[in-house]
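Hi everyone, thanks for making time. I'd like to walk you through a structure that's new to most of us, so let me put it up on the screen.

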Amino acid sequence: MWTLRVFAAALALMAAIMVVAGVFSLPPQDRPFAKLNLEDPIGAFTASRIAALRRDADACLALAALSKLEVAPIPDLRERGFCRLENAVTLTRSAHPYSRPTRLSCALAAALYVWEREVVAEAARTHLRATVARIETLGSYSCRRVYGGAEGRVSFHATGEAIDVSGFRLADGRLVSIRRDWGSKSAEGQFLRAVRDGGCRVFRAVLSPEYNAAHADHFHLDVGDYTICR
Ligand SMILES: [Zn+2]
């Protein structure tokens, strides 16, 4: 009887050691208690760690400083009673330039940087054998409610936590347009699908033309409250 108990205890101990060793042999982005590093590949905890930066602007700025992402803080802003930019930044340098200046939360800047480097650049190599020269954006901060109505839920654009991307200008001059190329079987269409699907591993919400007609010409990417990928 005792031999059996000792044997069972030894087995349990071995199993525990294997679990602990297994966790520590994982790369940091897949380890439950490791810290976010914006230069790491995307892992099991990347999206939740980026989302946690929403509540900790100082930690977000510190992370940016450790990476090649460059952001500059901008003054707080309040408009129309329901729009507020707090601890927001402008993108000084992300992995790619943007077609217009952007005002956004640091958490969204961090998410964009990871997405551009790990998803967009990679998908451009794989599907288009090209590099992306510029991200075409329709804007990030915008004081409005969802779909621009007078009532209803406040958009995550109104807190700088969302950005709309309409396409990608490639280094060889080609433009991949979401309005034109989404849903196509072409290399451009496959690139856009890979960029959307990969975005779902980084952002909270990714809305593509598949979601509804209001998104026929852009991807809506946000680090807001709701998880949706469509
Ligand atoms: Zn949007």
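Let's start with a quick one: what percentage of the 230 residues in the chain is buried? It's 34%. One caution before I go on: this is a predicted model.

Okay, the overall picture. If you take a box along the principal axes, the C-alpha atoms fill roughly 75 × 45 × 35 Å. Inside that you'll find six helices and 11 strands. The domain assignment splits the chain in two, with domain 1 covering 1-27 and domain 2 covering 35-229. Between the C-alpha centres of those two domains there's a distance of 44 Å. And here's something about how the chain folds back on itself: take the contacts between residues at least 6 apart in sequence, and 55% of them join residues at least 24 apart.

Now to the helices, and I'll stick with H4, residues 106-128. How do the axes of H4 and H6 cross? Helix H6 is residues 187-199, and the two axes come within 9 Å and cross at roughly 155°. That angle is over 145, so we call H4 roughly antiparallel to H6. The crossing itself is right-handed. Who's making the contact? On the H4 side, the residues include Trp 115, Val 119, Val 120 and Ala 123, and on the H6 side they include Phe 191, Ala 194 and Val 195. Sorted by class, that contact has 10 nonpolar residues, four polar and no charged.

H4 also packs with helix H3, residues 57-65. Here the angle is about 35°, with the axes 9 Å apart. This crossing is left-handed. H3 brings Ala 57, Cys 60, Leu 61, Leu 63 and Ala 64, while H4 brings Cys 106, Ala 107 and Ala 110. And the class count? Eight nonpolar, no polar and no charged residues.

Let's move over to the loops, with a bit of backbone geometry. Most residues other than glycine have a negative phi. So which way do the next two go? Asn 87 has a phi near 55°, a positive value in a residue that isn't glycine. You'll find Asn 87 in the loop between strand E3 (83-85) and strand E4 (88-93). Is Asn 87 buried, exposed or partly exposed? There are 17 other C-beta atoms within 10 Å of it; buried would take 20 or more and exposed 12 or fewer, so Asn 87 counts as partly exposed.

The other one is Arg 129, where phi is near 45°, again positive in a residue other than glycine. Arg 129 sits in the loop between H4 and strand E6 (132-139). With 10 other C-beta atoms within 10 Å, Arg 129 falls under the "12 or fewer" cut-off, so that one is exposed.

Last stop, down the chain: Asp 225, in the loop between strand E10 (219-222) and strand E11 (228-229). Asp 225 has 12 other C-beta atoms within 10 Å, and exposed means 12 or fewer, so Asp 225 is exposed too. How far is Asp 225 from Glu 39 in space? The two are 186 residues apart in sequence, and C-alpha to C-alpha they are 25 Å apart.

That's my tour; happy to rotate the view for anyone who wants another look.

Methods
Residues are numbered from 1 along each chain as its sequence is written. This is a predicted model: local features need pLDDT of at least 70, side-chain atom pairs count only at pLDDT 80 or more; totals for chains, interfaces and linings use all residues. Domain bounds come from an automatic or database domain assignment. Helices (H or I, at least four residues) and strands (E, at least two) are DSSP runs, numbered from the N terminus. Axes are lines fitted to C-alpha atoms, for helices over the stretch in contact, and angles run from 0 to 180 degrees between N-to-C directions. Angles under 35 degrees count as roughly parallel, over 145 as roughly antiparallel, 65 to 115 as roughly perpendicular and the rest as oblique. A crossing is left-handed if the near helix is turned anticlockwise from the far one by less than a right angle, and right-handed if clockwise. Two residues are in contact if their C-beta atoms, placed from the backbone, lie within 7 Å. Ala, Val, Leu, Ile, Met, Phe, Trp, Tyr, Cys and Pro count as nonpolar, Asp, Glu, Lys and Arg as charged, and the others, Gly among them, as polar.
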